[in-house]
2 protein chains.
Amino acid sequence: MEEMVLDILRKHNLSNTDSRRAILDVFLSSKNALDHHDMEEKTGERFDRVTIYRTLQTFIDRGIVHTIPTADNIVKYALCREQCSAGHHHDNHIHFFCEKCGTTTCLDETSIPKIPLPKGYVGNVVNVVVNGTCSKCGNAVKR
Amino acid sequence: MEEMVLDILRKHNLSNTDSRRAILDVFLSSKNALDHHDMEEKTGERFDRVTIYRTLQTFIDRGIVHTIPTADNIVKYALCREQCSAGHHHDNHIHFFCEKCGTTTCLDETSIPKIPLPKGYVGNVVNVVVNGTCSKCGNAVKR
DNA sequence: CAAATATTTGCAACTTTGTTGCAAATTAAT
DNA sequence: ATTAATTTGCAACAAAGTTGCAAATATTTG
């Protein structure tokens, strides 16, 4: 895990600092997307809010992390899986927002269908967020 | 136009007040989705921020307006077209966010394709936001 | 390895966005 | 026209996000 973190930093030409390592660690050990507040908490409150904002922004700029616009209007961040590069994100998966537990997940198994656009519109990145009940919360109900 | 506004209020059992009329007016005369700030501006700064927040919320609750989660993470509001009712939105169209001019538009001509979900997930509302270049900005480039 | 340079961090201060309680004003009902 | 219900604005607050700058840390170079 630690090796993975260093690898990511090296690959993207980022200097190896405490906060970057800590934040990447949190991402790697979390199944769900996280917001700024989660990140403060999970890094043990040992970094300034500003540092976290700036680190997340750096990761976005380098294509390490992408944001997910969810219905509750809090920016959530998640690791990019594939071929994202600086300034260009290609997260081709669907995001799922669970209305019961509030978690946002990247559905890596899925891919976004082709979206037909009216004449004159040129699409770039497509965001699909499905709101509903996740597998964990749905199963709980059946009991 | 004025008649339309009153009609909407009557249909949803809402009392006829200055701010509600003004805000509906703005929606009816705007092609794009608007955020809270836009709304303050376009109503001529004559309402308190709180009133605008509350009025927008009321409209959402009644199914008159829906929100659009965009990449820039500012809540944008737009009129519901079809069969939205209190507590249940059915906006089945795609939203388009223009990276050049920053406007968010409802593409009424479109509809959201069926999104296949992994086992265990139950979908409810699906949000599709395409980022790209809108017809206006794309044409401008060609010159 | 140490000095020089570049980058990153934390602090303070601030802006923007959104919320809540309550009294005054407006709207609707009788 | 009076009463009852709803809506508004104000004040105060909370949370989210940004900026400038000096101190601290990381990297480079000799």
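Here a visitor asks a guide about a predicted model.

Visitor: Chain A can be laid on chain B, but what relation is that?
Guide: Welcome! Laying chain A on chain B takes a turn of 179 degrees and a shift of 0.0 Å along the axis, with an RMSD of 0.2 Å. Such a turn, without any shift along the axis, is the relation of a two-fold axis.

Visitor: In chain A, which residue has the C-alpha nearest the axis?
Guide: Look along chain A for the C-alpha that lies 2.3 Å from the axis. In chain A, the nearest C-alpha belongs to A:Val128.

Visitor: How many residues does the contact take from each chain?
Guide: The same surface serves both copies, and 97% of the contact residues of chain A recur in chain B. As for the counts, the contact takes 35 residues from chain A and, from chain B, 34 residues.

Visitor: Which element gives the largest share of the side of chain A that touches chain B?
Guide: On that side of chain A, β4 (94-98), β6 (122-133) and α5 (135-142) each supply at least two residues. By class, the side has 19 nonpolar, 14 polar and 2 charged residues. The largest share is 12 residues, and the element that supplies them is β6(A).

Visitor: Now to the helices: are α1(A) and α2(A) parallel or oblique?
Guide: Helix α1 (residues 2-11) and helix α2 (residues 18-28), both of chain A, have axes 10 Å apart and pack at an angle of about 120 degrees. Their crossing is right-handed. The angle makes the relation of α1(A) to α2(A) oblique.

Visitor: Which residues of α2(A) meet α1(A)?
Guide: From α1(A) come A:Met4, A:Val5, A:Ile8 and A:Leu9. By class, this contact has 6 nonpolar, no polar and 3 charged residues. The partners in α2(A) are A:Arg20, A:Arg21, A:Leu24, A:Asp25 and A:Leu28.

Visitor: Which residues are closest to DNA strand D?
Guide: DNA strand D is surrounded by 23 residues. Sorted by class, the surface near the strand has 6 nonpolar, 11 polar and 6 charged residues. The closest are A:Ser15, B:Thr17, B:Ser19, B:Asp48 and B:Thr51.

Visitor: And which element gives the largest share of the surface near DNA strand D?
Guide: Two or more residues each come from α3 (36-42) and α4 (49-61) of chain A, and from α2 (18-28) and α4 (49-62) of chain B. The largest share is 4 residues, and the element that gives them is α4(B).

Note on methods: Residues numbered from 1 in each chain as written. Chains lettered and ligands numbered in written order. Predicted model: local features only at pLDDT ≥ 70, side-chain atom pairs only at ≥ 80, totals over all residues. Near = placed C-beta within 6 Å. Nonpolar A, V, L, I, M, F, W, Y, C, P; charged D, E, K, R; others polar. Axes fitted to C-alpha atoms, helices over the stretch in contact; angles between N-to-C directions. Parallel < 35°, antiparallel > 145°, perpendicular 65-115°, else oblique. Left-handed = near helix turned anticlockwise from the far one by under 90°. Contact = placed C-beta atoms within 7 Å. Least-squares fit on C-alpha atoms with pLDDT ≥ 70 in both.
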